[in-house]
Amino acid sequence: GEGGDESDGPVSAYLGFDATADSLHVGSLLQIMILRHLQRSGHRPVVLIGGGTSKVGDPTGKDESRPQLTDEIIKKNTDGISKVFAKFLSFENGRGVQSTGTGTDAVMVNNDDWLSALNYLAFLRDYGTQFTINRMLSFESVKQRLAREAPLTFLEFNYMILQAYDFLELARRYEVKLQLGGSDQWGNMVSGTELGRRVDGRRLFALTAPLITTSDGKKMGKTAGGAVWLNSDRLSEYDYWQFWRNTSDDDVVRFLKLFTELPLEDIA
């Protein structure tokens, strides 16, 4: 293929989560299921925990700046989020942290390992030239904040650059070619594919999934009692089961297709 980087072997795909809470919730489950399907089809999942980017905060879809998290809270949240992936993905020796893995073994990495080591001036010189303010202002997440005349700090404005750099770093370290994410992340993800092409001549790809809503138009995964957490120390197995048990008849078929591995012909 072009650039000699295409192959028929396993594709390494990554999915990133910032450590803004100590558990993920059902809203993230579709992305995790896509990663699971990829692994079962012979590809390699890479889970990125954003220990570094959590110090900055993603402005996407947010009306205002998030409160800054301390290193202690980020560490606690990282540990909590990491637990859930062993239920969905197969890691080398049953664990993923610090594993290089081979073949289709899942790998878990933390972007704090490289982001915190960056030299500001060197980073600006090497990568700041690859991003234009004009292009960054064209992204929906930025436009919405500016349209409301809500403050967008320079710290948050840098988030897009750091997420793009993560993609490049993972491509170099693990030959990652595909980034998964929600459709609200499209701008950040495309920035990563463009950075990889400009700096290393790599062909990188982004795959987004839409935000899942219920048949009555509500955001899936939110209930009157709050978020439907994936960690049992945040939500009991019984309450988690009840959430799925209470799925509206109008959503059952779609959710069975998205969130289970039942053969499609068995789903009415």
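**Figure 1. Serine 232, a partly exposed loop residue.** Serine 232 has a relative accessible area of 42%, so it counts as partly exposed, a class that lies between the buried limit of under 20% and the exposed limit of over 50%. This close-up, like the others here, shows a predicted model. To find the residue, look in the loop that runs between strand S7 (226–227) and helix H10 (237–245). Serine 23 is worth including in the frame: serine 232 and serine 23 are 209 residues apart in sequence, yet their C-alpha atoms are 9.2 Å apart in space.

**Figure 2. Threonine 53, a buried loop residue with two polar side-chain contacts.** Here we move to the loop between strand S2 (44–50) and helix H2 (71–85), where threonine 53 lies. With a relative accessible area of 2%, threonine 53 is buried, because the limit for that class is under 20%. Its side chain makes a polar contact of 2.7 Å with the side chain of aspartate 18. A polar contact of 2.9 Å links the side chain of threonine 53 to that of asparagine 111. Leaving aside residues up to four places away in sequence, threonine 53 touches Asp18 and Asn111, together with Leu115, Tyr159, Leu162 and Asp166.

**Figure 3. Phenylalanine 88, a buried residue that touches Leu29, Ile32, Met33 and Arg36.** Phenylalanine 88 sits in the loop between H2 and strand S3 (107–110). Its relative accessible area is 16%, so phenylalanine 88 is also classed as buried, the cut-off being under 20%. If residues up to four places away in sequence are not counted, the residues that phenylalanine 88 touches are Leu29, Ile32, Met33 and Arg36. For isoleucine 32, the C-alpha to C-alpha distance to phenylalanine 88 is 7.3 Å, while 56 residues separate the two in sequence.

**Figure 4. The whole protein, as a setting for the close-ups.** Stepping back, the protein has 11 helices and 7 strands. It consists of 268 residues, of which 46% count as buried. Among contacts with a separation of 6 or more, 76% are between residues 24 or more positions apart. The accessible surface of the protein comes to about 14,300 Å², and carbon and sulfur atoms account for 52% of it.

Notes: Residues numbered from 1 in each chain as written. Predicted model: local features only at pLDDT ≥ 70, side-chain atom pairs only at ≥ 80, totals over all residues. Heavy atoms only, no water. Helix = DSSP H or I, 4+ residues; strand = E, 2+ residues; numbered from the N terminus. Buried < 20%, exposed > 50% of the residue type's maximum accessible area, 1.4 Å probe, protein only. Contact = heavy atoms within 4.5 Å. Areas by Shrake-Rupley, 256 points an atom, 1.4 Å probe, with all protein chains shown as cover. Polar contact = N/O pair within 3.5 Å; in protein donor to acceptor, adjacent residues only side chain to side chain.
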